[in-house]
Amino acid sequence: MTLARDVPPSELIIKVASELESKLEMPEWAKIVKTGVSRERPPEQKNWWYLRSASVLRKVYMDGPLGVSRLRTFYGGLHRRGHKPAHFAKGGGKVIRVVLQGLESAGLIEKVTKPKKGRVVTREGQKFLDRVAKSCGK
């Protein structure tokens with residue numbers, strides 16, 4: 001049986017993003033927002049919201065329980081500061097927070113407090129990811 005851990009992440013994220021377009025709604029402000037302080041421009045892809053949602057869902061599936069702060073670190077990047085040396089900067093928290101809330105309302109992830117705080121994938125979310133992974137494996 002093919003699981004979400006067994007398929008290449010790029011294939012899985014693209015397929016999951018196309019499936020999530022019917023389950024999630026992209027906010028109006030997401031068309032003009034940057035994804036972090038280290039970015040100079042907003043994303044150019046039309047479906048970037050669903051790609052980020054699929055990536056967050058996969059990340060929570062693989063490493064959960066995760067919170068917004070750890071996901072901000074994962075989606076951060078090098079902040080170029082002109083003539084000064086570049087430093088690492090975390091990704092934007094609002095985008096990740098709203099994506100997590102959307103995945104929660106879709107029933108794919110849930111909050112937990114014990115033994116660690118954060119969000120984990122529900123049974124429905126695990127079935128969803130494994131079903132999409134199975135279609136990728138063929």
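A residue counts as buried when its relative accessible area is under 20%. With that cut-off in mind, the tour of this predicted model begins at Trp49.

Select Trp49: its relative accessibility is 2%, so the residue counts as buried. Next, add Trp29, which is partly exposed at a relative accessible area of 30%. The ring centres of Trp29 and Trp49 lie 5.7 Å apart and the planes stand at 90°, so this pair is edge-to-face. Trp29 sits in the loop between H1 and helix H2 (48-63), whereas Trp49 belongs to helix H2; the pair thus links distant parts of the chain, 20 residues apart. Now include Trp48, since ring pairs link Trp29, Trp48 and Trp49 into a cluster.

The structure holds three aromatic pairs. For another of them, select Phe74 and Tyr75: with centres 4.8 Å apart and planes at 85°, the two rings form an edge-to-face pair. Phe74 is partly exposed, at a relative accessible area of 44%, while Tyr75, at 10% relative accessibility, counts as buried.

Keep Tyr75 selected and display the cavity. A search of the whole structure finds one cavity of 30 Å³ or more, and the volume of the largest cavity is about 40 Å³. Tyr75 lines this cavity together with Thr35, Gly36, Ser38, Arg39, Arg52 and Gly91. By class, the lining comprises one nonpolar, four polar and two charged residues.

Finally, move to helix H1, residues 9-20. Its twelve residues should span 16 Å at 1.5 Å a residue, and the end C-alpha atoms are indeed 16 Å apart. Select the buried residues of H1, namely Leu12, Ile13, Val16, Ala17 and Leu20. They cover an arc of only 130° around the axis, which places them on the same side of H1.

Notes: Residues numbered from 1 in each chain as written. Predicted model: local features only at pLDDT ≥ 70, side-chain atom pairs only at ≥ 80, totals over all residues. Heavy atoms only, no water. 1 Å grid on protein atoms, 1.4 Å probe; cavity = no way out; pocket = protein on both sides within 12 Å on 5 of 7 lines; lining within 4 Å. Points joined across faces, edges and corners; volume = space filled by probe spheres on them. Nonpolar A, V, L, I, M, F, W, Y, C, P; charged D, E, K, R; others polar. Helix = DSSP H or I, 4+ residues; strand = E, 2+ residues; numbered from the N terminus. Expected span 1.5 Å × (residues − 1). Buried < 20%, exposed > 50% of the residue type's maximum accessible area, 1.4 Å probe, protein only. Arc of directions from axis to C-beta. Phe/Tyr/Trp six-rings, centres within 6.5 Å; stacked < 30°, edge-to-face > 60°.
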